[in-house]
Amino acid sequence: MTAAASFERDGFVVLEDFVDAGACDALVARADELVASFLRSPDAVSIFSTTEQTRTSDEYFLDSGDKVRFFFEEDGDAINKIGHALHDLDPVFAGFSHTPELAAVASDVVGMHDPRILQSMYIVKGPRVGGEVTLHTDHTFLWTEPQSATGFWFALQDATVENGCMWAVPGGHRLPVRRRFHRAGPSDADGTTFDELVAAPYPTNDEVPLETGKGTLIVLHGLLPHRSGPNTSDRGRAAYTLHAIEAAADYPADNWLQRGPDLPLRGFAA
Ligand code: FE2
């Protein structure tokens with residue numbers, strides 16, 4: 001079966017050895033540098049010490065679509081992820097994100113016509129502290145009309161059930177989307193809300209773990225229910241994700257992720 005046929009049938013496809021180990025190591029090393037430099041900065045101090053923690057962290061998140069920002073695990077002070085414009089603003093991440101090979105996957109496997117990279121996330125999921133990501137679809141968070149969001153998830157280290165690999169519901173991309181996440185008002189201070197579109201939860205009886213070696217790319221349909229577990233092991237589980245949308249699709253003004261005019265969306269081409 002071709003990768004395109006698997007993707008159409010299951011809503012995801014696993015492409016082993018898509019990037020070489022050296023490129024994975026270089027991305028992890030660069031992320032470590034960015035985190036170390038962030039933790040030395042006044043920005044980090046103000047995020048740690050704010051007395052209006054929730055409000056400030058909401059705005060810090062809502063304002064991050066065209067920036068490189070650092071987010072913490074829920075219970076503790078470990079870094080959880082970096083987002084959401086690494087692929088445009090950091091030269092090492094930009095080089096990893098804009099390649100002819102990725103452009104070919106978007107076009108030949110997914111069937112995208114004119115993909116634009118909307119966001120990037122480096123996910124730390126550190127030993128013993130990396131938290132779970134609960135079952136969701138990416139369309140819920142990156143809504144377009146018609147639906148077009150597609151995820152490109154790279155294992156930068158081996159991912160197993162013990163260190164929090166991806167889980168997915170094969171064929172679940174044919175189910176109606178359950179919820180939509182969006183801004184509650186025009187200002188960042190208005191926060192965000194979910195619209196509940198289908199009350200019943202996704203059926204998860206057929207859910208499968210996707211254990212992957214370092215360098216694997218998993219391509220995820222925007223309507224595919226997927227999640228990842230906590231890292232209960234002593235081994236790291238760094239991953240990098242890109243989400244792309246079709247240039248021609250309508251992108252609502254109340255989507256959480258908004259960019260300023262200085263940073264237009266680009267495709268996968270280098
Ligand atoms: Fe996701």
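## Exercises on a predicted model

R30 and E33 form a salt bridge, with 2.7 Å between their closest N and O atoms. The model behind these exercises is predicted.

**Exercise 1.** Where do R30 and E33 lie relative to each other in helix 2, and are they buried or exposed?

Solution.
- Start with the helix. R30 and E33 are three residues apart in helix 2 (residues 21–39), so about one helical turn separates them.
- Next, take R30. Its relative accessibility is 21%, so R30 counts as partly exposed.
- Then take E33. Its relative accessible area is 47%, so E33 is partly exposed.

**Exercise 2.** Identify the protein donors of the iron ion and place them along the chain.

Solution.
- The donors are H136 (NE2), D138 (OD) and H226 (NE2), lying 2.2 Å from the iron ion.
- Their spacing along the chain reads H-x1-D-x87-H.
- H136 sits in strand 5 and H226 in strand 12, so the pair links distant parts of the chain, 90 residues apart.
- Buried means under 20% relative accessible area. H136, at 16%, is therefore buried. H226 is buried too, at 4%.

**Exercise 3.** Work out the strand order of the open sheet, then follow strand 12.

Solution.
- Four strands form the open sheet, in the order 5-12-7-10, with antiparallel pairing.
- Strand 5 (133–136) and strand 10 (208–210) are the edges; each pairs on one side only.
- From one strand to the next, the twist averages 25°.
- Strand 12 (residues 226–228) runs antiparallel to strand 7 (residues 166–168), and three bridges join them.
- In strand 12, H226 is the bridge partner of A168. H226 is also one of the donors of the iron ion.

**Exercise 4.** Which parts of the chain does the salt bridge of R227 and E207 tie together?

Solution.
- The side chains of R227 and E207 meet at 2.6 Å, N to O.
- R227 lies in strand 12 and E207 in the loop between strand 9 and strand 10, so the pair ties together parts 20 residues apart in sequence.
- R227 is partly exposed at 22% relative accessibility, whereas E207 is buried at 18%.

**Exercise 5.** Describe how helix 1 meets helix 7.

Solution.
- The axes of helix 1 (residues 3–10) and helix 7 (residues 100–110) come within 8 Å and cross at roughly 65°.
- A3, A4 and F7 in helix 1 meet D108, V109 and V110 in helix 7.
- Sort these residues: five are nonpolar, none is polar and one is charged.

Key. Residues are numbered from 1 along each chain as its sequence is written. This is a predicted model: local features need pLDDT of at least 70, side-chain atom pairs count only at pLDDT 80 or more; totals for chains, interfaces and linings use all residues. Side-chain values use heavy atoms; hydrogens and water are left out. Axes are lines fitted to C-alpha atoms, for helices over the stretch in contact, and angles run from 0 to 180 degrees between N-to-C directions. Helices (H or I, at least four residues) and strands (E, at least two) are DSSP runs, numbered from the N terminus. Contact means heavy atoms within 4.5 Å. Ala, Val, Leu, Ile, Met, Phe, Trp, Tyr, Cys and Pro count as nonpolar, Asp, Glu, Lys and Arg as charged, and the others, Gly among them, as polar. Two strands pair if DSSP finds at least two bridges between them. Donors are N, O and S atoms within 2.8 Å of the metal (3.2 Å for Na, K and Ca); water is not among the atoms, so sites may look incomplete. Buried means under 20% relative accessible area, exposed over 50%, partly exposed in between (1.4 Å probe, protein chains only). A salt bridge is a side-chain nitrogen of Lys or Arg within 4 Å of a carboxyl oxygen of Asp or Glu.
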